[in-house]
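Student: I'm new to this structure and would like a close look at a single part of it. Could you pick one sheet with its surroundings and walk me through slowly?

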Amino acid sequence: MAKKITLPEPLFEYRGKKGVILLHAYTGSSADVRMIGRALEQAGYSIYLPIFSGHATLNPCDILFQTPRQWQADVEAAISFMQNQGITNIAIFGLSLGGVYALNTLTENHPAIIAGGAFCSPVFLNESQIVPNFIAYSQKTLSYSSFSSEEQVQIMTSIHELLPKQLQAIQQYGREVGARLNEVKVPVFLAQGAKDEMIPAKSVYETAQALSQTELTLQWYAQSGHVITVDKQRKELINDLLHFLGKLSWNED
């Protein structure tokens with residue numbers, strides 16, 4: 001019998017014209033960044049935690065049927081959503097893959113975006129543990145689903161076929177973003193966990209080097225892993241992020 005599970009949903013809370021968008025990870029959802037979002041909301045920021053297309057379902061193939069360009073469109077839609085709520089200044093951050101999309105947004109010099117950053121994000125992805133982690137994620141997700149054993153086998157077969165192609169597309173997208181980081185003009189916040197089990201932790205320095213032309217804050221968390229937003233140093237991350245946001249030039253007129 002399938003276990004009952006409540007699927008994550010997007011989260012929006014209005015607290016004024018200073019807004020923060022938080023993007024989740026590759027196999028994640030708004031739950032990845034919910035604790036950070038709630039902390040920022042309590043500090044007086046409007047928050048929006050969208051969900052990328054194909055995510056927060058019980059079929060892992062839904063992710064693999066998407067493209068990096070579709071997820072970019074999701075981010076653009078999130079920015080438009082915030083603006084339609086009357087939020088005039090926005091900072092955008094993301095965890096892992098979400099951070100790549102946040103940094104991409106910064107390269108576009110959008111007039112509403114005043115800052116942003118990434119948490120444990122594989123912009124320059126040369127090696128990773130994404131494949132085994134995606135397989136493990138898929139098996140766990142399917143255990144909560146109502147798919148029959150035969151259907152689950154079919155889904156896992158499709159995953160093994162589709163995953164390498166999508167990762168190649170993501171890697172290409174990341175390279176494109178990395179090549180444009182020298183165009184970023186707004187302040188950037190980077191966070192990296194030293195115990196990152198998904199990507200090489202020191203790759204954050206390559207990202208930082210590519211951002212040398214702008215105001216950069218790089219925070220290293222010695223006791224944290226890849227999902228730094230829910231790890232043991234998350235309160236430290238929240239405090240550092242609030243300090244970063246507090247120094248920005250917010251125009252609330």
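**The sheet and what packs around it**

Tutor: Let's start with one residue and work outwards: Glu 41 is found in helix H1, which covers residues 34-42. Keep in mind that this is a predicted model. With 10% relative accessibility, Glu 41 counts as buried, because buried means under 20%. Leaving aside residues up to four places away in sequence, Glu 41 touches Glu 13, Arg 15 and Ile 47.

Two of those contacts lead straight into the sheet. In strand S3, Ile 47 is the bridge partner of Glu 13. Strands S1 and S3 (residues 46-49) are joined by three bridges and run antiparallel.

Now step back to the whole sheet. It is an open one of seven strands, in the order S1-S3-S2-S4-S5-S6-S7, and the pairing is mixed. S1 (11-13) and S7 (216-221) stand at the edges with a single partner strand each, so one side of each has no neighbour in the sheet. On average, neighbouring strands are turned by 15° against each other, direction ignored. As general background, strands of a sheet pair through backbone hydrogen bonds, either parallel or antiparallel.

Where does H1 sit in all this? H1 packs on the sheet and touches S1, S2 (18-23), S3 and S5 (113-119). The direction of H1 makes about 165° with that of S3. The buried residues in H1 are Ile 36, Gly 37, Ala 39, Leu 40 and Glu 41, so we meet our starting residue again in that list. These buried residues pack against S1, S2, S3 and S5, and also against helix H8 (234-246). After H1 comes Gly 44, with a positive phi near 105°.

Next, slide along the sheet to strand S4, residues 89-95. S4 is mostly covered, with seven of its seven residues buried. You can check both faces: Asn 89, Ala 91, Phe 93 and Leu 95 are buried on one side, and Ile 90, Ile 92 and Gly 94 are buried on the other. S4 pairs with S2 in the parallel sense over six bridges, and in that pairing Val 20 stands opposite Ala 91. S4 is also joined to S5 by six bridges, again running parallel. There, the bridge partner of Phe 93 is Gly 117 in S5.

Follow the chain out of S4 and you reach Ser 96, in the loop between S4 and helix H4. Have a look at its backbone: phi of Ser 96 is near 55°, a positive value in a residue other than glycine. For context, most residues other than glycine have a negative phi. Ser 96 counts as buried, because its relative accessibility is 7%.

Then comes H4 itself, residues 97-107. Eleven of its eleven residues are buried, so H4 is largely enclosed by the rest of the structure. Among them are Leu 97, Gly 98, Val 100, Tyr 101, Asn 104 and Leu 106.

What follows H4? Asn 109 does, and its phi is positive, near 50°. Asn 109 is not a glycine either, and its place is the loop between H4 and S5. Its relative accessibility of 35% means that Asn 109 counts as partly exposed, whereas Ser 96 is buried.

One last stop is the largest pocket, which has a volume of about 730 Å³. Its lining is made of 32 residues, and Thr 27, Gly 28, Ser 29, Asp 32 and Tyr 137 lie nearest its centre. Sorted by type, the lining has 20 nonpolar, nine polar and three charged residues. Helix H5 (residues 130-143) gives the largest share of the lining, six residues. Pro 132 lies in H5 too, and at 44% relative accessibility Pro 132 counts as partly exposed. Pro 132 and Met 198 are 66 residues apart in sequence, yet 9.7 Å apart in space, C-alpha to C-alpha.

Terms used
Residues are numbered from 1 along each chain as its sequence is written. This is a predicted model: local features need pLDDT of at least 70, side-chain atom pairs count only at pLDDT 80 or more; totals for chains, interfaces and linings use all residues. Side-chain values use heavy atoms; hydrogens and water are left out. Helices (H or I, at least four residues) and strands (E, at least two) are DSSP runs, numbered from the N terminus. Buried means under 20% relative accessible area, exposed over 50%, partly exposed in between (1.4 Å probe, protein chains only). Contact means heavy atoms within 4.5 Å. Two strands pair if DSSP finds at least two bridges between them. Axes are lines fitted to C-alpha atoms, for helices over the stretch in contact, and angles run from 0 to 180 degrees between N-to-C directions. On a 1 Å grid over the protein atoms alone, a cavity is a set of points where a 1.4 Å probe fits but cannot get out, and a pocket is an open set with protein on both sides within 12 Å along at least five of seven lines; lining residues have an atom within 4 Å of a point. Grid points are joined across faces, edges and corners, and a volume is the space filled by probe spheres set on the points. Ala, Val, Leu, Ile, Met, Phe, Trp, Tyr, Cys and Pro count as nonpolar, Asp, Glu, Lys and Arg as charged, and the others, Gly among them, as polar.
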